[in-house]
Amino acid sequence: MTYAMAFLSCLKLWFSILVSIIAIIVLQNVLPALSNYNQNISSLSTFINNSLGYCLILIPGYWLYKFSKKQDLGDNRLTSKLLKTLFGDKHDLETEQPLSPSYNGPANFRKDVITFVYCFGGLQVSYLIWGVIQEKMMSESYGITEASKFRDSQMLVFLNRGLSTVLSGVVLFMNEGIRSKKSPPLYKYSYCTVSNIISSWCQYESLKYVSFPTQVLAKTCKIIPVMLMGKLMSGKKYEYYEYVTAIGIWIGMAIFQFFTENKHSDITTCAAGVILLVGYLATDSFTSTWQGKMFTQYQVTSMQMVFANSLLSSLLTTIPLYQVGSFKKTYEFIKEYPAFLTDCIVLSVSSACGQLFIYKTISKFGPIVLTIIMTIRQVN
């Protein structure tokens, strides 16, 4: 009877996965026909198509998660070990510890100050380079025709995350290893990975519709949604003066941007750009808040966080990119405009370094401090 029940459970699992994949593929084939009726929704169509591509991995993963929760994973079979790595979690009910360090004396305080200066400087340098190259790649032409502009925001996300996976993987194998003694199941990383992919895509895509100073101005108010997300997700309480301080920082940055001459772009801001910026703020705020929860619940190093998120991001973006032929198009674009490859390498390296500093800051000081640092960065 036990074997019969196990067989039925496996049959139900594979049937659910098969039906889900077929449904997603049907939707992907219907979407292009619908988008032909309105040529002004290209970004929305791209977003939906990309999301359906992610679902080809996420929905089967969800069915596997449901299956693993109903099964006994106590044996040592390879499939059981794999499911435990992906979905097994013995620490769900453990109390979160505060992100901020406890100060036990002047020596510890000096160490934290040095760490803060290190993270602050690393973030400023990494993302100054990253921001300049990002704007160039998404808004400038590599030739004399309109076709010499690179338009694939999703491919830039893949290139960034792919290199981060390789670099962080090499460093981990040489040092602490991929997993710690109290590692989270892999699926826990998927929440912040998906939100990070969407926020990166929205950020790249918005540069097609808004001027660079407008995007910078939107980023300066990120501390407010981060505080709201922390309150919503973790029940954190903030004093009124903290909200006033956050609003004051945003007003100050807004005034600075208003009186700063726009030398970056002549793109006119439109409604689509504003929607993309709102999507960026919401998903990016969720990303940093969720990563903060991961650092408090588990023994995760900054490099392990970089590796896990980069690996999942690469896997999730591979399917939608392959389906639309982005790999071939990007290869042909690089052959025609070799300077683009150089920019890709610089962008990816600066992004990988920036991610490491981000996770180091979150693990040590929390998402609010990170947001303040990133807000100050906009002055550059």
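## A walk through an all-helix model

In helix 8, the buried residues are Ile 223, Pro 225, Val 226, Met 227, Met 229 and Gly 230. That is a handy place to start looking around this structure, which is a predicted model. Helix 8 itself covers residues 223-234, and its 12 residues reach 16 Å from the first C-alpha to the last, close to the 16 Å expected at 1.5 Å a residue. Just after helix 8 comes Gly 235, with a positive phi of about 70 degrees.

Now step back to the whole chain. The protein has 14 helices and zero strands, so if you follow the sequence from start to finish you read one α after another. Of its 380 residues, 46% are buried. Among contacts with a separation of 6 or more, 85% join residues that sit 24 or more positions apart. The accessible surface comes to about 20,400 Å², and carbon and sulfur atoms hold 68% of that area.

The UniProt record helps with orientation here. Its unreviewed entry places the feature "transmembrane region" at several stretches, including residues 47-65, 113-133 and 153-174. You can set two of these against the model. Residues 47-65 are 100% helix and 0% strand, with end C-alpha atoms 26 Å apart. Residues 113-133 are likewise 100% helix and 0% strand, and there the end C-alpha atoms lie 30 Å apart.

Another of those annotated stretches, residues 153-174, has the residue range of helix 5, where you will find Met 155. Is Met 155 buried or exposed? Its relative accessibility is 2%, and because buried means under 20%, Met 155 counts as buried. What does Met 155 touch, leaving aside residues up to four places away in sequence? Its partners are Phe 150, Leu 321, Ser 326, Phe 327 and Thr 330. Take Phe 327 from that list: Met 155 and Phe 327 are 172 residues apart in sequence, yet their C-alpha atoms are 8.0 Å apart in space.

For another methionine, go to helix 1, which runs over residues 2-35 and contains Met 5. Met 5 has 45% relative accessibility, so it counts as partly exposed, the class between 20% and 50%. Met 5 also belongs to a nonpolar patch on the surface, together with Phe 7, Leu 8 and Leu 11. Together, these four side chains' residues offer about 430 Å² of accessible area. A general point is useful when you look along any such stretch: an α-helix has 3.6 residues a turn, so residues three or four places apart point the same way.

Note on methods:
Residues numbered from 1 in each chain as written. Predicted model: local features only at pLDDT ≥ 70, side-chain atom pairs only at ≥ 80, totals over all residues. Heavy atoms only, no water. Helix = DSSP H or I, 4+ residues; strand = E, 2+ residues; numbered from the N terminus. Buried < 20%, exposed > 50% of the residue type's maximum accessible area, 1.4 Å probe, protein only. Contact = heavy atoms within 4.5 Å. Patch = residues over 30% accessible without salt bridge, like charges linked within 9 Å, V, L, I, M, F, W, Y side chains within 5 Å. Areas by Shrake-Rupley, 256 points an atom, 1.4 Å probe, with all protein chains shown as cover. UniProt positions renumbered as here; feature names shortened; annotations may be inferred. Expected span 1.5 Å × (residues − 1).
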